There are 2 protein chains.
Amino acid sequence: MTELAIGQVTDRTGLSVHALRFYEKEGLLAAPVKRDSNGRRVYTEYDVEWLVNCTKFRASGMPLATIREFAELVRQGPGNEEERLELLRAHQDTVRDRIAELADCLEVISRKVEVYEEHVARGTADTLWR
Amino acid sequence: MTELAIGQVTDRTGLSVHALRFYEKEGLLAAPVKRDSNGRRVYTEYDVEWLVNCTKFRASGMPLATIREFAELVRQGPGNEEERLELLRAHQDTVRDRIAELADCLEVISRKVEVYEEHVARGTADTLWR
DNA sequence: CTAGGAGCTAGAGGGCCCTCTAGGTCAACA
DNA sequence: TGTTGACCTAGAGGGCCCTCTAGCTCCTAG
């Protein structure tokens, strides 16, 4: 199994060294990170996979608290898969809603862009927001 | 022209009284809000329209600083429409990118949901993240 | 043998965006 | 008259998520 130092994990996850330590301290990891004889973190592929998933969760707006919940469920081991599924589905819904909201905003913005384009082209822009 | 008190504007914009005062203090408004003889804010329909647009900008992730820039351009009056357009287009791109990012995350999440659904259905979930 | 570079901990700092508090004015109503 | 409720200002507080600092150890290369 490939073992990685924290610096290599930053390359693979995009998370900073600081953020990686912070995530660990905050209990966001599914499993405790191993240490070498000097007390340095040693990450496995599983850790990295988990962290990459965390970055997807984060990038889609999941709060750290929710990631922590999910991590806790995983740490508890088998038997709570429905709960995990429920958490994931809830986030799935959140993301879908968020996309819909953004699409709506985008429409408003695009309409504004069009109006400006038109008026700029005609030189009649001074009738906007006088 | 309909004139509104701040409390009525919260109904129409979804912004709190605090937020409305804060936005004004931060220079996010295209025009200064009028005051009545008692120093209370009196909003016009234009103000409300602007504020509703601000909420769309905010909801789509535009930072207050950028809204302020846009407001400044509008306050400067006619002549800088290309700049305004550029700002709007830049945000438009940002929102599109964000939607794409969310769609990507959603795919990852949905895949995870599927995996969990399958394993939960079969009772073989213990093979996930051991 | 020493300078660099990577790692460590604990905890402070900081950006963003409000939200809330304290202490006040004013108008209306019971 | 006195209490309620909406409004005012200035500024503190707070949640979230890192990011950075101070002060340290250890290994490696020159």
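This report describes a predicted model of two protein chains, A and B, with DNA strands C and D.

**Overall form of chain A**

Chain A contains 5 helices and 2 strands. Read from the N terminus, its elements follow the order α-α-β-β-α-α-α. The radius of gyration of chain A is 22 Å, whereas a compact globule of 130 residues would have one near 14 Å. Along the principal axes, the C-alpha trace of chain A spans about 70 × 35 × 25 Å. Buried residues make up 24% of the 130 residues of chain A. Among the contacts in chain A between residues at least 6 apart in sequence, 55% link residues that are at least 24 apart.

**Helix α3 and its surroundings**

Helix α3 of chain A covers residues 45-59. At 1.5 Å a residue, its 15 residues should span 21 Å, and the end C-alpha atoms are indeed 21 Å apart, so the two values agree. The buried residues in α3(A) are A:Asp47, A:Trp50, A:Leu51, A:Cys54 and A:Phe57. Viewed down the axis of α3(A), these buried residues fall within an arc of 110°, so they line one face of the helix. In general, an α-helix has 3.6 residues a turn, so residues three or four places apart point the same way. The cover over the buried residues of α3(A) includes α1, α2 and α4 of chain A. Just after α3(A), A:Gly61 adopts a positive phi of about 90°.

A residue in one of these covering elements deserves separate mention. A:Ile67 lies in helix α4 of chain A. A:Ile67 counts as buried because 23 other C-beta atoms lie within 10 Å, where the cut-off is 20 or more. Apart from neighbours within four places in sequence, A:Ile67 is in contact with A:Leu28, A:Cys54, A:Phe57 and A:Met62. Two of these partners, A:Cys54 and A:Phe57, are among the buried residues of α3(A). A:Ile67 and A:Lys25 are separated by 42 residues in sequence and by 13 Å in space, C-alpha to C-alpha.

**Contact between the chains**

The contact between chains A and B takes 35 residues from chain A and 35 residues from chain B. On the side of chain A that touches chain B, the elements giving two or more residues are α3 and α5 (81-122). Of these, α5(A) gives the most, with 26 residues. By class, this side of chain A has 19 nonpolar, 5 polar and 11 charged residues.

**Surfaces near the DNA**

Both chains supply residues near each DNA strand, as the following table shows.

| DNA strand | Residues around the strand | Nearest residues |
|---|---|---|
| C | 17 residues | A:Ala5, A:Gly7, A:Arg41, B:Pro63, B:Leu64 |
| D | 17 residues | A:Pro63, A:Leu64, B:Ala5, B:Gly7, B:Arg41 |

Near DNA strand C, at least two residues each come from α1 (6-13) and α2 (17-25) of chain A and from α2 (17-25) and α4 (64-76) of chain B. The largest share of this surface, 3 residues, belongs to α2(B). The residues near DNA strand C comprise 8 nonpolar, 5 polar and 4 charged.

Near DNA strand D, the elements giving two or more residues are α2 and α4 of chain A, together with α1 (6-13) and α2 of chain B. Here α2(A) gives the most, with 3 residues. The surface near DNA strand D has 8 nonpolar, 5 polar and 4 charged residues.

Conventions: Residues numbered from 1 in each chain as written. Chains lettered and ligands numbered in written order. Predicted model: local features only at pLDDT ≥ 70, side-chain atom pairs only at ≥ 80, totals over all residues. Helix = DSSP H or I, 4+ residues; strand = E, 2+ residues; numbered from the N terminus. Rg over C-alpha atoms; globule rule 2.2 N^0.38 Å. Buried ≥ 20, exposed ≤ 12 C-beta atoms within 10 Å, placed from the backbone. Contact = placed C-beta atoms within 7 Å. Near = placed C-beta within 6 Å. Nonpolar A, V, L, I, M, F, W, Y, C, P; charged D, E, K, R; others polar. Expected span 1.5 Å × (residues − 1). Arc of directions from axis to C-beta.
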